[in-house]
Amino acid sequence: MFRYFEERIPATARGMPGEPPDTLAAFYWFFIRQVRWYFAALLLAGLTVALLDAAIPFFIGKLVTLLSEVSPQALLSDHWHILAGMALFMLMVRPAAIFVQNLITNQIIASGFTNLIRWQSHWHVVRQSWSFFQHDFAGRIATRVMQTGVSVRDSAVSSINAVWYIAVYGTSALVLLGHNDAWLMLPTLVWFVCYATLLRIFVPRLKGRSVEMSEARSLITGRIVDSYTNIITVKLFGRAREEDDYVREAVDHHTSVFRGQLRLITLFGLALALNNAVLIVSTGAIAVRLWSLGLVEVGVVAMVLPLTWQIANIAGFVAQQVTAIFENIGAVQEGMMSIAKPLRLTDRPGAEQLKVAKGGIVFDRINFNYGRSGGIIDDLSLTIKPGEKIGLVGRSGAGKSTLVNLLLRFFDLEGGRILIDGQDIATVTQESLREQISVVTQDTSLLHRSILDNIRYGQSHVTLNGVEEAARRAHAHEFIGNLEDWRGRTGYEAHVGERGIKLSGGQRQRIAIARVILKNAPILILDEATSALDSEVEAAIQEQFESLMADKTVIAIAHRLSTIARMDRLIILDHGRIIESGTHEELLALNGHYASLWRRQSGGFLAEEAA
């Protein structure tokens with residue numbers, strides 16, 4: 001039975017149905033509307049439970065009246081059906097209603113709805129552009145994705161419970177009290193006015209403090225993640241105390257904001273307690289006075305006291321719920337900062353799959369300056385023939401990596417176009433584009449998974465034998481066999497740690513090269529591909545690069561000019577423009593910019609001063 005209810009909301013059945021809105025109410029409805037009938041059922045179940053609970057004081061009053069007016073002998077013989085009905089109500093009807101409410105809340109909404117939000121938020125965020133992740137901490141984005149699901153669920157469920165309980169209990173109290181004597185309604189009416197006033201005073205302030213709390217909590221998270229992410233730098237520079245101060249400042253700010261919020265909660269609780277006390281005492285006093293005048297039965301007094309006590313308890317419950325709701329709303333607002341962001345880099349409607357038969361690349365008068373006025377790439381044109389191997393040369397900031405990132409469509413051009421085999425890359429899907437391009441970068445990042453999974457990332461269907469062959473070609477098979485992780489997994493099943501931290505730079509690079517060998521895409525980009533390797537391993541892998549580059553269009557970037565001197569053509573960039581082009585020998589004979597760079601090399605590396 002439980003499984004039936006638990007499977008009502010398939011959390012990962014689909015991706016994000018559109019882009020999440022950036023306004024709070026619309027953001028909530030975006031997710032709730034997908035399961036709106038279950039929330040409607042929860043609304044109905046909550047109403048039913050609240051109505052049943054409101055009947056309990058009436059039953060108490062009825063029982064007291066019977067006990068005071070009926071003899072013990074006649075109680076069971078004449079009124080057994082009333083007693084049996086109340087017993088049936090308490091033993092079966094109310095538990096059944098609460099059970100249904102809990103099934104909807106716990107089995108349907110709690111896990112399914114929460115993880116639906118998490119899954120769809122992740123689905124949307126992971127499709128953001130590369131620049132999106134460059135502007136925030138990965139840990140903070142992940143925390144927001146995880147927490148937003150819980151906060152949306154809790155605040156939505158709590159709102160339903162709070163609204164129904166205060167509305168149903170308040171209305172039923174007025175009806176029951178007014179039915180017996182209009183004077184009994186007066187304290188409850190006054191209490192409602194005071195309660196609404198308290199909410200009007202405190203709730204906006206609590207909302208503001210909740211937003212401040214969320215921002216302060218986000219600041220702590222960001223600073224802690226920054227320290228953990230760069231822990232090697234912290235250790236190398238011996239800056240643990242400075243990091244303590246950096247995080248302490250955020251924690252102290254959070255503590256100050258938290259104290260302010262708790263002061264409001266304490267004052268709210270005091271005011272509410274006084275308001276409730278006045279309600280119970282005044283209503284009880286009026287009921288006793290009316291009984292003493294013979295205007296009401298003793299059962300009415302017995303009903304009034306638990307009824308007002310119940311209202312007081314529910315008021316406290318609702319106050320706690322209101323506080324929790326706004327805390328969760330603050331967390332949702334923080335989550336929206338990462339989740340409710342439109343995708344900046346999208347496929348065009350009807351985008352087709354890129355088909356690469358030859359691998360020719362044309363940069364046609366392209367412009368890109370990261371939205372600034374100029375200075376990165378201006379009116380650059382370059383044609384790379386199918387199968388041609390070119391090297392990009394230039395000091396840091398010349399535009400080499402930017403050119404590669406534009407080819408991979410990590411950014412959209414601000415002018416011009418890029419063609420692969422005559423197809424404008426802006427008109428094809430991003431995934432199909434990147435499937436046709438293999439990249440080995442200087443800063444290799446591996447997934448926190450097994451060696452097998454990391455190499456197989458190039459071709460997910462390849463057998464273990466195929467993976468091992470690629471590893472041998474990358475001169476990685478030997479060290480892989482000696483690996484063992486913290487859980488005792490060895491060889492290709494060993495996990496590499498976050499971003500591959502368990503491996504040396506050279507080992508990570510060789511895994512990355514094996515992955516590219518396996519992918520075997522027609523276009524190959526080498527961005528300082530051998531920079532992390534020692535000379536002996538680099539010399540061995542260079543032989544594999546010769547076969548890897550065969551029949552492929554290759555773009556290579558290297559500050560060590562000797563590693564790209566054998567390319568078919570070298571393209572010299574400076575300030576985003578091509579200033580020279582030719583073979584190594586032709587450019588040396590030209591005695592221009594490249595020849596000057598060649599002469600300035602120290603140990604075979606290009607000087608890193610900015611252009």
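In which helix is Thr 105 found? Thr 105 is found in helix α4, which covers residues 72-125. The structure described here is a predicted model.

The side chain of Thr 105 has a polar atom 2.9 Å from the backbone oxygen of Gln 101. An α-helix has 3.6 residues a turn, so residues three or four places apart point the same way. If neighbours within four places in sequence are set aside, Thr 105 is in contact with Leu 42, Ala 110 and Val 157.

**The two sheets**

Strands of a sheet pair through backbone hydrogen bonds, either parallel or antiparallel. An open sheet of six strands follows the order β6-β7-β8-β3-β9-β10, and its pairing is mixed. Its edge strands are β6 (437-440) and β10 (577-582), each of which pairs on one side only. From one strand to the next, the twist averages 20°.

An open sheet of four strands has the order β2-β1-β4-β5, with antiparallel pairing. Here the edge strands are β2 (377-384) and β5 (423-424), and each pairs on one side only.

One strand pair from each sheet is set out below.

| Strand pair | Sense | Bridges | Residues facing each other |
|---|---|---|---|
| β3 (residues 389-393) and β8 (residues 553-557) | parallel | four bridges | Leu 392 and Ile 557, bridge partners |
| β1 (residues 361-368) and β2 | antiparallel | five bridges | Phe 363 opposite Leu 382 |

**Helix α11**

Which strands does helix α11 touch when it packs on the sheet with β8? Helix α11 (residues 400-407) touches β3, β6, β7 (523-527), β8 and β9 (569-574). The direction of α11 makes about 145° with that of β8.

Helix α11 also lies across strands of the four-stranded sheet. These strands are β1, β2 and β4 (415-420), and α11 runs at about 115° to β1.

How much of α11 is covered? Seven of the eight residues in α11 are buried, so the helix is mostly covered, where buried means under 20% relative accessible area. The buried residues in α11 are Lys 400, Thr 402, Leu 403, Val 404, Asn 405, Leu 406 and Leu 407. Just after α11, Arg 409 takes a positive phi of about 55°.

Taken together, α11 packs on the sheet that holds β3 and β8 and lies across β1, β2 and β4.

Key:
Residues are numbered from 1 along each chain as its sequence is written. This is a predicted model: local features need pLDDT of at least 70, side-chain atom pairs count only at pLDDT 80 or more; totals for chains, interfaces and linings use all residues. Side-chain values use heavy atoms; hydrogens and water are left out. Two strands pair if DSSP finds at least two bridges between them. Helices (H or I, at least four residues) and strands (E, at least two) are DSSP runs, numbered from the N terminus. Axes are lines fitted to C-alpha atoms, for helices over the stretch in contact, and angles run from 0 to 180 degrees between N-to-C directions. Contact means heavy atoms within 4.5 Å. Buried means under 20% relative accessible area, exposed over 50%, partly exposed in between (1.4 Å probe, protein chains only). A polar contact is a pair of N or O atoms within 3.5 Å; within protein, one must be able to donate a hydrogen and the other to accept it, and residues adjacent in sequence count only if both atoms are side-chain atoms.
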